[in-house]
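I opened the notebook to write down what I looked up in this model, entry by entry. Coffee is at hand, so let us begin.

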Amino acid sequence: FYNNYDHEIAEAAYMFQGQSMVIFPLKTKDISVGTIALSADTDILEQNIEYYNFLSSSAAVEISRQQSSQKLAHSELKYRNLVERSRDMIILCACDGKIRYSNPSFYDLTGISKNSRKDLNIFSFFNNGNRTKIREIVTAGLDRNMPTEPLEMEMKVPGKKPLWTEMIIN
């Protein structure tokens with residue numbers, strides 16, 4: 001049924017010599033992820049060839065999805081380790097300033113407890129003039145859909161010396 005078998009398919013065909021069989025390549029977007037060989041009566045194979053093609057395509061898509069999922073999980077773990085171990089404060093906020101994530105350095109440098117994060121707003125760490133400036137930069141960054149240039153500002157933490165921070169709003 002297929003003309004362009006690769007070496008893997010040819011080996012599988014040799015193993016089933018003398019039987020009626022079809023070997024389906026498992027491909028997604030021209031990437032081979034394996035093969036499936038079916039051995040049965042010729043009539044059954046011929047009558048169901050479209051169904052077997054559908055099954056092989058479905059299997060290829062699932063294999064590809066699982067491989068992508070594994071790569072994503074590995075990538076996320078690498079990123080998480082990088083962010084969690086960074087000595088720099090890394091803070092992710094919503095547009096309204098509500099802190100959604102902050103790495104351990106944020107808590108270490110500010111002395112704020114992790115339990116109080118849900119109530120924190122990034123704008124509360126800056127004086128009124130800087131709050132306005134940050135809001136303007138956030139709005140401009142969102143309009144352009146590009147990260148901003150680095151911005152240095154004094155961050156005020158209750159009970160601590162001011163921290164000079166460099167921000168990139170993305």
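**Entry 1: a cut-off before I start.** I call a residue buried under 20% relative accessible area, exposed over 50%, and partly exposed in between. Leu55 has a relative accessible area of 36%, so I put Leu55 down as partly exposed. I also note for myself that this is a predicted model.

**Entry 2: the overall layout.** I looked up the elements and found five helices and six strands in the chain. Reading along the sequence, I wrote the pattern down as α-β-β-α-α-β-β-α-α-β-β. I then asked myself what percentage of the 170 residues count as buried. The value is 25%.

**Entry 3: the hairpin of β1 and β2.** I started with strand β1, residues 21-28, and strand β2, residues 31-39. These strands pair in the antiparallel sense, and eight bridges join them. I picked out Lys27 and found that its bridge partner in β2 is Ser32. Two residues sit between β1 and β2 in this hairpin. I checked the turn as well, where Lys29 has a positive phi of about 50°.

**Entry 4: the hairpin of β3 and β4.** Next I went to strand β3 (residues 91-93) and strand β4 (residues 99-102), which are antiparallel and share three bridges. Cys93 has Ile99 as its bridge partner in β4. How many residues lie between β3 and β4 in their hairpin? I found five, and Gly97 in the turn has a positive phi of about 95°.

**Entry 5: β5 and β6.** I moved on to β5 and β6, which run antiparallel with five bridges between them. Met155 belongs to strand β5, residues 151-155, and its bridge partner in β6 is Leu163. Buried or exposed, I wondered about Met155? With 2% relative accessibility, Met155 counts as buried, because the cut-off for that is under 20%. Stepping along β5, I saw the side chains alternate: Leu151, Met153 and Met155 point to one face and are buried, whereas Glu152 and Glu154 point to the other and are not. I also looked up Phe126, which is 29 residues from Met155 in sequence, yet their C-alpha atoms are 5.4 Å apart in space.

**Entry 6: the salt bridges.** Side chains of opposite charge can pair when their charged atoms come close. I went looking for such pairs and found that the structure holds three salt bridges.

- Glu62 pairs with Arg65, and their closest N and O atoms are 2.7 Å apart. Both residues lie in helix α3, three residues apart, about one turn of the helix. Glu62 is partly exposed at 32% relative accessibility, and Arg65 is partly exposed at 46%.
- Glu76 and Arg80 meet through their side chains at 3.0 Å, N to O. These two are four residues apart in helix α3, so about one helical turn separates them. Glu76 counts as partly exposed at 42% relative accessibility, and Arg80 likewise at 43%.
- Lys156 and Glu154 form a salt bridge at 3.2 Å, N to O. I noted Lys156 as partly exposed with a relative accessible area of 39%. Glu154 is partly exposed too, at 24% relative accessibility.

**Entry 7: a nonpolar patch.** I came back to Leu55, which lies in helix α3, residues 49-85. Which residues form the nonpolar patch on the surface with Leu55? They are Tyr51 and Phe54, and the patch has about 330 Å² of accessible area in total. Patch residues need over 30% relative accessible area, so Leu55 at 36% passes that cut-off.

**Entry 8: the largest pocket.** Last, I looked up the largest pocket, which holds about 850 Å³ of space. I counted 29 residues in its lining. Ile91, Cys93, Met167, Ile168 and Ile169 are the lining residues that lie nearest the centre of the pocket. I then asked which elements each supply at least two residues of the lining. My list has β3, α5 (128-144) and β6 (163-167). I marked Cys93 in my margin, since I had already met Cys93 as the bridge partner of Ile99.

How values were computed
Residues are numbered from 1 along each chain as its sequence is written. This is a predicted model: local features need pLDDT of at least 70, side-chain atom pairs count only at pLDDT 80 or more; totals for chains, interfaces and linings use all residues. Side-chain values use heavy atoms; hydrogens and water are left out. Two strands pair if DSSP finds at least two bridges between them. Patches are made of residues with over 30% relative accessible area and no salt bridge: like charges are joined within 9 Å, nonpolar side chains (Val, Leu, Ile, Met, Phe, Trp, Tyr) within 5 Å. Accessible areas come from the Shrake-Rupley method with a 1.4 Å probe; for residues, only the protein chains shown count as cover. A salt bridge is a side-chain nitrogen of Lys or Arg within 4 Å of a carboxyl oxygen of Asp or Glu. Buried means under 20% relative accessible area, exposed over 50%, partly exposed in between (1.4 Å probe, protein chains only). On a 1 Å grid over the protein atoms alone, a cavity is a set of points where a 1.4 Å probe fits but cannot get out, and a pocket is an open set with protein on both sides within 12 Å along at least five of seven lines; lining residues have an atom within 4 Å of a point. Grid points are joined across faces, edges and corners, and a volume is the space filled by probe spheres set on the points.
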